[in-house]
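Work through the exercises below with the structure open. Try each task before you read its solution.

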Number of protein chains: 2
Amino acid sequence: MARTTGSDGEKTEAAVREAAAGLIARYGYEAMSMRQLAAEVGVQAAALYRYFPTKEDLLFTLMREHMEGLTAAWEMARPTTADPEARLAAYVRNHIAFHIERRHSTHVSNMELRSLSHDRLTRILRMRTAYEKELRAILRDGTEAGVFSIEDTGLTAMALIQMMTGVIVWFRPGERLSVAEVTTTYLSMTMRLVGAKIEGAAAAYSAARPFGRSAAGV
Amino acid sequence: MARTTGSDGEKTEAAVREAAAGLIARYGYEAMSMRQLAAEVGVQAAALYRYFPTKEDLLFTLMREHMEGLTAAWEMARPTTADPEARLAAYVRNHIAFHIERRHSTHVSNMELRSLSHDRLTRILRMRTAYEKELRAILRDGTEAGVFSIEDTGLTAMALIQMMTGVIVWFRPGERLSVAEVTTTYLSMTMRLVGAKIEGAAAAYSAARPFGRSAAGV
DNA sequence: GTAATAATAAAACAAACGTTCAATTAATTC
DNA sequence: GAATTAATTGAACGTTTGTTTTATTATTAC
């Protein structure tokens, strides 16, 4: 056989991306074979090469789009206010919502960096650094304004990001806690961790913002 | 050739473990070939099978010994006092020290769980759960005693562990910060995160820290 | 309806994989 | 010093890997 009835390049490519993210998240990049991926999509392995020249190109595409999506989400969510607490709350909300929503690509982007070529690794890390820099700026501003008490901005930023991203390791939608509850708790922990001066600030923020991305699911 | 001069089973096995931890941490379990590992050790691939029947046995051994080591280290470090703050401080210190000291096997144990068979995965996860349970007990005791203010014990435990273990992602010995400095800062962050009631409690525990109080605001 | 193009299948490739086996030599035992 | 055991090599096995090539069919354009 050859071209199949109803076949469509765009649909196939999208199916490949989604299946790849799922398989790599579950089994790992090296462990996922192109034949396994093709079977998941419902095509032959050779068909994959119409969309991605190599396996690594596929991996890189997933990672690049993950980082572009994260950056874009933050640019949408970033508040205009200069208030460090409000900005930090927005950062936490956006980060958790995005990563829970895209668990698979988050796993891929965090665990499979070592499978990228040097150049591509550099490109992904540059995007990641730029994103983290936003958090450091918030922490620095807050410290200088006296609303946070932080010992080391860079170290605190890393600790916060590890803590927040770690949600995807144990969080499963539909279990004990909702996304909104998790986000609220993480927001409180974050505010205490950075020593936010105003007591109950976290609670105030979580009460005042029932919208936001998908945080309002309950 | 056959047996080489000065060859010793115990030494070779130790060399295999160490080289395997390093290679798996750097390239991943699936990406590391037995030939690559053998070359690192300085033997032929077939020689590895004298010590580990399969590649997965090797992985499992690394993980089991990592968890056994972590458990043993905590049993040594666990204080006899009932004071939740002292116990939490000891837990944080032990966790960070152990994971920085064993970066490679930590990477292996955290990233390669999916390559274990079902039974072995269960065994490793059981050990891990038991270790994490200790932290939850401390947090619960502290909350009941009124010295911590925590919203969700289980969630806080996961957040803390992710935060602490995340150190190995960015920490490199001999760079900007020493192990002692990192530990001190993480201890402060932890105490604030759990809402330790006694103001300055974190500072008290880190009284011996080698740098100033609000040193790095930049 | 016919020509052009897009999408896929089927088969094949060399390379690399984990693992096994027989042969061989070093160290140990008595 | 002969017999035994421990440690390792070198070659080979059957699979599986990512990828390429060629042929074939569905869809689109005119």
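**Exercise 1.** With which residue does Arg17(A) form a salt bridge?

*Solution.* Start from Arg17(A) in this predicted model. Its salt-bridge partner is Glu65(A). Now take the closest N and O atoms: they are 2.5 Å apart. The cut-off is 4 Å, so the pair qualifies. Next, place the two residues. Domain 1 of chain A spans 1–53, and domain 2 spans 55–217. Across the interface of these two domains, the rule finds one salt bridge.

**Exercise 2.** Find which elements give two or more residues to the side of domain 1 of chain A that touches domain 2 of chain A.

*Solution.* First count the contacts: 15 residues of domain 1 of chain A meet 13 residues of domain 2 of chain A. Five residue pairs between the domains are in polar contact. The elements sought are helix 1 (9–27) and helix 2 (34–41) of chain A. Helix 1 of chain A gives the most, with seven residues. Last, sort the residues of this side: 11 are nonpolar, two polar and two charged.

**Exercise 3.** State how much area is buried between the two domains of chain A, and which residues of domain 1 lose the most.

*Solution.* The buried area is about 1400 Å². Carbon and sulfur atoms give 70% of it. In domain 1 of chain A, Arg17(A), Tyr29(A) and Phe52(A) lose the most. Together they make up 44% of what that side buries.

**Exercise 4.** Where in chain A is the pLDDT below 50?

*Solution.* Begin with the average for chain A, a pLDDT of 88. Of the residues, 86% score at least 70. The stretch sought is residues 201–218 of chain A. Where pLDDT is low, predicted coordinates should not be read in detail.

Notes
Residues numbered from 1 in each chain as written. Chains lettered and ligands numbered in written order. Predicted model: local features only at pLDDT ≥ 70, side-chain atom pairs only at ≥ 80, totals over all residues. Heavy atoms only, no water. pLDDT = per-residue confidence, 0-100. Contact = heavy atoms within 4.5 Å. Domains from an automatic or database assignment. Buried area = accessible area lost by both parts, 1.4 Å probe. Salt bridge = Lys/Arg side-chain N within 4 Å of Asp/Glu carboxyl O. Polar contact = N/O pair within 3.5 Å; in protein donor to acceptor, adjacent residues only side chain to side chain. Helix = DSSP H or I, 4+ residues; strand = E, 2+ residues; numbered from the N terminus. Nonpolar A, V, L, I, M, F, W, Y, C, P; charged D, E, K, R; others polar.
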